[in-house]
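Student: I would like a close look at a single part of this model, followed by an account of its surroundings. Please state each cut-off as you come to the term that depends on it.

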Amino acid sequence: MKEITNRQLTEMFEAGSPVTVIDVREPEAFASWHIEGSRNIPVGASLRSGDAAPLQHAAKDLPQDRPVVAVCNAGITSQKAAQVLESLGRDSYSLIGGMRGWSLAWSEARLALRSRPEAVFIQLRRHGKGCLSYLLGSAGAAVVVDPSLGIEVYQDIAQREGLTITTVVETHVHADHFSRARALCEAVGADLLIPRNQRVTFDYTPVEHGQSIEIGELKMQAISTPGHTGESTCYLIEDEALLSGDTLFVQSVGRPDLEKGDAGAEAGAHMLYNTLHDRLLSLGASITIYPAHTGSEIGFNGKPVSATLGEIKAEVELLSADEDSFVATILASLTAKPPNHECVISINEGKSDLGDADPLDIEAGPNRCAAT
Ligand SMILES: [Fe+2]
């Protein structure tokens, strides 16, 4: 029985290699989150009870001309699936770690600054969770914004690009994934910049509204944008690109109830409305928005998750609503919060630590940071 890592599967996707991915979990789990383009064949329970017949039957409908990768929750049942498929003569693999491991699958998209074509600007996309982080480099120095992947990913890319990570910046205290900012700073000796807040308990350099952060020959200006969380901050790069955190997404806005809870959601929604209208929507229509999350499938085509502010204003009706309608729409559309968000927040605030727990056990699951 052969196994495949999430990196190997990612590389197959990126290369456009034909592959069929079957997900043997139950339909409800599949609907909650799954690998882009995978096919749900919910035979996990029958495989675990030793009954291979349902998968043998379903395998007849799978394309014959390409390998099959079986996926389950943690990479155990998928081994049984791969064995059954192998016994049928199929070129089959089990995805190591299952969806739990897929949570850390990533790809990159190279971005460009019109006014600074020499800059290195990369969007790192964590496919399983929709988390987006950024590496921006100039004159040998680099800043990493909202690191959510293993720190070696950022270290390797910086080395490849001939950059030294001097600064790590957060847009806010995250609720859906563990921040890797502290670990990255400790590993590379970078400064840790976080919007000033009363939440985190560890040492950091506070970012203030209007502050300019220099990276080599580039400047990022901090724009305080409370709403999603109290300290949420966006970063405007050279007046042409905005790292918008979880304040403004390509198709939505950030939900206001993860830090403040249900009781604070309404006040947060009002705050978000005012932030958007006072500080973001008046920026130029040609400014490109690069968010910290996406709820849409990302694709393995190197295409950035981004849109101009003008495009977003034209597409997202909520941004044209008056304040009362905006707040009412947000409150009516809030869905289940991200799994274990209170635990994740507590760790990201430095108020607790993981202990012996595996972060993937706590943060695995779908991205639910958008309001609608
Ligand atoms: Fe967030």
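Tutor: Two strands are taken to pair if DSSP finds at least two bridges between them, and the elements themselves are DSSP runs numbered from the N terminus, with helices (H or I) of at least four residues and strands (E) of at least two. The model is predicted, so that local features need pLDDT of at least 70 and side-chain atom pairs count only at pLDDT 80 or more, whereas totals for chains, interfaces and linings use all residues. Residues are numbered from 1 along each chain as its sequence is written.

The part I choose is strand β7 (residues 120-126), where seven of the seven residues are buried, so the strand is largely enclosed by the rest of the structure. Here a residue is buried if 20 or more other C-beta atoms, placed from the backbone, lie within 10 Å of its own, exposed if 12 or fewer do, and partly exposed in between. Both faces of β7 are covered, with Val-120, Ile-122, Leu-124 and Arg-126 buried on one side and Phe-121, Gln-123 and Arg-125 buried on the other.

Strand β7 has an antiparallel partner in β6 (residues 106-111), to which six bridges join it, and within this pairing Arg-110 stands opposite Ile-122. Strand β7 also pairs with β8 (residues 131-138), again in the antiparallel sense, over seven bridges, and there Val-120 has Gly-137 as its bridge partner. The hairpin of β7 and β8 has four residues between the strands, and in this hairpin Gly-130 takes a positive phi near 75°.

Turning to the wider setting, the chain holds 13 helices and 18 strands, and buried residues make up 48% of its 372 residues. The domain assignment, an automatic or database one, gives domain 1 (2-102) and domain 2 (106-363). The centres of the two domains, taken over C-alpha atoms, are separated by 33 Å. Eight residues from domain 1 and seven residues from domain 2 take part in the contact between them, two residues being in contact if their C-beta atoms, placed from the backbone, lie within 7 Å. On the side of domain 1 that touches domain 2, α1 (6-15) and α6 (98-102) each supply at least two residues.

The largest nonpolar core, a set of buried Ala, Val, Leu, Ile, Met, Phe, Trp, Tyr and Cys residues joined through C-beta atoms within 7 Å, has 102 residues, of which Ala-70, Val-71 and Leu-136 touch the most other members. Helix α9 (residues 261-280) gives this core its largest share, six residues, and at least three residues come from each of domain 1 and domain 2. Leaving aside neighbours within four places in sequence, the contacts of Val-71 include Val-21, Ile-22, Ile-35, Leu-95 and Met-99.

For the chain as a whole, residues 24 or more positions apart account for 61% of the contacts with a separation of 6 or more. The radius of gyration, taken over C-alpha atoms and compared with a globule rule of 2.2 Å times the number of residues to the power 0.38, is 21 Å, which agrees with the value near 21 Å for a compact globule of 372 residues. Along its principal axes, the C-alpha trace spans about 65 × 50 × 45 Å.
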